[in-house]
Amino acid sequence: MLIGGIMTVSCTSVSERVEVRLSEDGQVLVLQNQSTKIEYALDQGVFTVLDPADGSVLVQRAAASVNQLAFAGPAERSWTKTSVSDALGRGQSLTVTTPGRHGLDLIQVFTLYADRSAVVLQCGVRNTSQAPVRIKELVVIEDAQAWPGVTPQEPKTLDGMAGWDHFQETKTRVEDGATRWSYNNLLYTFKQADARRSLVFGGLMYRDFATVASIDDGSVRLRGEDPTGRRVDAGKVYMPEDQYYLDPSQADPFVVLESYGQAIATANDVQVKAY
């Protein structure tokens, strides 16, 4: 800017820039960056992912469960926020704790990074009972509808078995339709008028559980499972290192898959040879 013949430069330090914001609006917690917006309904225990540019819903009313125990519905939930700086970048984490009626409290963690469109999810428990329990299943996304109200044109899926192919008759490939399951991850993509929509969801870090991703006529489910389970003693908190990845914010299926692959490599400190 030129003032009185003197050129001045206006700048904002990196520490002053708000790249990931967390706010509270009544019973709704809002975590967002410039690409992705998450709304968590404290009174219902479900979250929705939106496009912050126009407010359109990308993934609606995702719930969570543990060992087939549901936690959605009215409850006195508590929450905290944490600044994050790790291999994936800088961002903010939202942790929500839901008290359960079955001797387990559900702990959900949602992380957004400043320069990434994906939501990173974690799920754990607090054993409030008087006896040990075994955690065999953690569902981080359940009963979530992708692009509700939209009629997909030419829907297709691509599974990411990555070595688990012997569990199905066909090898990894693109298939028509909006119903599919896969170990590790899934890509779902379709046309809407002249636009394309794409969603990739799956595991980001694998430690205690195998990841299973599925979609059933647009209804999304993402879970970790282990047939033996992990023992959690009475009064203890169990938060596995396993992380999960959800990105409905990039239209191009090749771009969203490339971003996902690079995120896995970065999170797990894997050196990928460029091609």
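## A first look at the chain

Of the 275 residues in this chain, 46% count as buried; buried means under 20% relative accessible area, exposed means over 50%, and partly exposed is in between (1.4 Å probe, protein chains only). The chain has 1 helix and 22 strands. Helices (H or I, at least four residues) and strands (E, at least two) are DSSP runs, numbered from the N terminus.

This is a predicted model, in which local features need pLDDT of at least 70 and side-chain atom pairs count only at pLDDT 80 or more, while totals for chains, interfaces and linings use all residues. Residues are numbered from 1 along each chain as its sequence is written, and side-chain values use heavy atoms, with hydrogens and water left out.

## How confident is the prediction?

The predictor's confidence in each residue is called pLDDT and runs from 0 to 100. The chain has a mean pLDDT of 91, and 89% of its residues reach 70 or more. Over residues 1–16, however, the pLDDT is below 50, and this stretch has 7 contacts in the model beyond near neighbours in sequence. Where pLDDT is low, the predicted coordinates should not be read in detail.

A contact means heavy atoms within 4.5 Å. Among contacts in the chain between residues at least 6 apart in sequence, 57% join residues at least 24 apart.

## Strand β22, covered on both faces

Let's turn to one strand. Strand β22 covers residues 243–247, and 5 of its 5 residues are buried. In a regular strand the side chains alternate between the two faces of the sheet. In β22, Gln243, Tyr245 and Asp247 lie on one side, Tyr244 and Leu246 lie on the other, and all are buried.

Which strands pair with β22? Two strands pair if DSSP finds at least two bridges between them. Strand β12 (residues 119–127) pairs with β22 in the antiparallel sense over 3 bridges, and here valine 119 has leucine 246 as its bridge partner. Strand β18 (residues 195–205) also runs antiparallel to β22, joined to it by 5 bridges; glycine 202 has tyrosine 245 as its bridge partner.

## Helix α1

Helix α1 spans residues 253–267, and its 15 residues should cover 21 Å at 1.5 Å a residue; the end C-alpha atoms are 21 Å apart, which agrees. The expected span is 1.5 Å times one less than the number of residues in the helix. In α1, the residues Pro253, Val256, Tyr260, Ala263, Ala265 and Ala267 are buried. The buried residues of α1 pack against β17, β18 and β22, so we meet β22 again here.

At the N-terminal end, aspartate 252 caps α1, with a side-chain oxygen 2.8 Å from the backbone nitrogen of phenylalanine 254. After the helix comes aspartate 269, which has a positive phi near 55°.

## Aromatic rings that meet

Rings of Phe, Tyr and Trp (its six-membered ring) pair if their centres lie within 6.5 Å; planes under 30 degrees apart count as stacked, over 60 as edge-to-face and the rest as tilted. By this rule there are 6 aromatic pairs. Tryptophan 147 and phenylalanine 190 form an edge-to-face pair, with 5.3 Å centre to centre and 85° between the planes. Tryptophan 147 lies in the loop between β13 (133–146) and β14 (153–159) and phenylalanine 190 in strand β17 (residues 185–192), so the pair ties together parts that are 43 residues apart in sequence.

Are these two residues buried or exposed? Tryptophan 147 is buried at 5% relative accessibility, and phenylalanine 190 is buried at 1%. Elsewhere, Tyr40, Phe47 and Phe110 form one aromatic cluster.

## Some residues to find yourself

Two residues other than glycine have a positive phi: arginine 61, near 50°, and aspartate 217, near 55°. Arginine 61 lies in strand β7 (residues 57–66) and is partly exposed, with a relative accessible area of 44%. Aspartate 217 sits in the loop between β19 (210–216) and β20 (219–232) and counts as exposed at 60% relative accessibility.

Serine 56 is in the loop between β6 (46–50) and β7 and is partly exposed, at 29% relative accessible area. Not counting residues up to four places away in sequence, serine 56 touches Val49, Leu50 and Asp51. The C-alpha atoms of serine 56 and proline 148 are separated by 9.7 Å, although these residues are 92 apart along the chain.

Technical notes:
Polar contact = N/O pair within 3.5 Å; in protein donor to acceptor, adjacent residues only side chain to side chain.
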